[in-house]
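Got the viewer open? Let's take a walk through this one, stop by stop.

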Amino acid sequence: MKKSILPLTLSLLLATAVPAVWGGEEMPGLEMGGSKGVMLNPASPQDGVMAMAHLYDIQAAMSKNGRQETHHLMVIFTDSAQGKPITQGLAAVKVTGPDGVKGAPVKMMPMGDGFGADLTLARPGKYDFEVGTKLADSRRRVFTFSYLRK
Ligand SMILES: [Cu+2]
């Protein structure tokens, strides 16, 4: 069942190349497949790795396919020393919603230069994303992002 959404998320990945504005503001210039992307505030670098996150509203496309996921989270990890994306390893995200309940980890799939997951951010409010990784060097790192859904 999860596999059936890959073509959609891959097509959304193509939209990730044009970061424009920091701070979770909408980027009107960045739109692909009808989905608007926002860049989340950067997480603090961890042990030589930087992480940059984009969030795409995919609700319209997903509901057409009978799915309930509303957003696609895409995170690109970069080796601070080499300035290159790290594409090997594992990543998962735990989402804490406006109700304060932390969800179970959702595996993030390797997608191009980063890792992505489709999430259900069902209602307005603050969402916290805790992205745990075990990348190429097998060390554990945690990056945190947040998003205010209007
Ligand atoms: Cu993605």
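Start with the contacts as a whole: of those in the protein with a separation of 6 or more, 51% are between residues 24 or more positions apart. Keep in mind that you're looking at a predicted model. Of its 150 residues, 33% count as buried.

Now switch to a cartoon view. You should find 2 helices and 10 strands. Followed along the sequence, the order is α-β-β-β-α-β-β-β-β-β-β-β.

**Stop one: the core**

Select Ala51, Ala53, Leu73 and Val75. These are the residues with the most contacts inside the largest nonpolar core, which has 33 residues. Two or more core residues come from each of E2, E3, E4 (71–79), E6 (89–96), E7 (106–111), E8 (114–119), E9 and E10. Which element gives the largest share of this core? That's E3, with 6 residues. As background, nonpolar side chains tend to be buried together in soluble globular proteins.

Zoom in on Ala51 next. Setting aside neighbours within four places in sequence, its contacts are Ala43, Val75, Phe77, Val131 and Phe143.

**Stop two: E6 and its partners**

Colour E6, E7 and E9. E6 and E9 run antiparallel and are joined by 8 bridges. To see one of the bridge pairs, pick Leu90, whose partner in E9 is Lys134. E6 also runs antiparallel to E7, this time with 3 bridges. Here, select Ala91 and look across to Met108 in E7, which stands opposite.

**Stop three: Phe129**

Stay on strand E9 and select Phe129, which sits in that strand. Buried or exposed? Phe129 is buried, because 23 other C-beta atoms lie within 10 Å and the cut-off for buried is 20 or more.

Show what surrounds it. Beyond its neighbours within four places in sequence, Phe129 touches Leu73, Val93, Val95, Thr144, Phe145 and Ser146 in the contact list. Leu73 is one to recognise: it was among the best-connected residues of the core, those with the most contacts inside it. Then try a distance label from Phe129 to Lys94: the two are 35 residues apart in sequence, yet their C-alpha atoms are 5.8 Å apart.

**Stop four: the E9 and E10 hairpin**

Add E10 to the view. E9 and E10 pair in the antiparallel sense over 10 bridges. One pair to click on is Glu130 with its bridge partner in E10, Thr144.

Now slide along to the turn, where 4 residues lie between the strands of this hairpin. Ser138 is in that loop, between E9 (125–135) and E10 (140–149). What is the sign of its phi, positive or negative? Ser138 has a positive phi of about 65 degrees, although it is not a glycine. Ser138 is exposed, since it has 10 other C-beta atoms within 10 Å and 12 or fewer counts as exposed.

**Last stop: Asp47**

Finish in another loop. Asp47 is found between E2 (35–39) and E3 (49–57). Check its backbone: phi is near 50 degrees, a positive value in a residue other than glycine. With 10 C-beta neighbours inside 10 Å, Asp47 counts as exposed. Put Asp47 and Ser138 up together for a parting look: phi is positive at Asp47, and phi is positive at Ser138 too.

Technical notes
Residues are numbered from 1 along each chain as its sequence is written. This is a predicted model: local features need pLDDT of at least 70, side-chain atom pairs count only at pLDDT 80 or more; totals for chains, interfaces and linings use all residues. Two residues are in contact if their C-beta atoms, placed from the backbone, lie within 7 Å. A nonpolar core is a set of buried Ala, Val, Leu, Ile, Met, Phe, Trp, Tyr and Cys residues joined through C-beta atoms within 7 Å. Two strands pair if DSSP finds at least two bridges between them.
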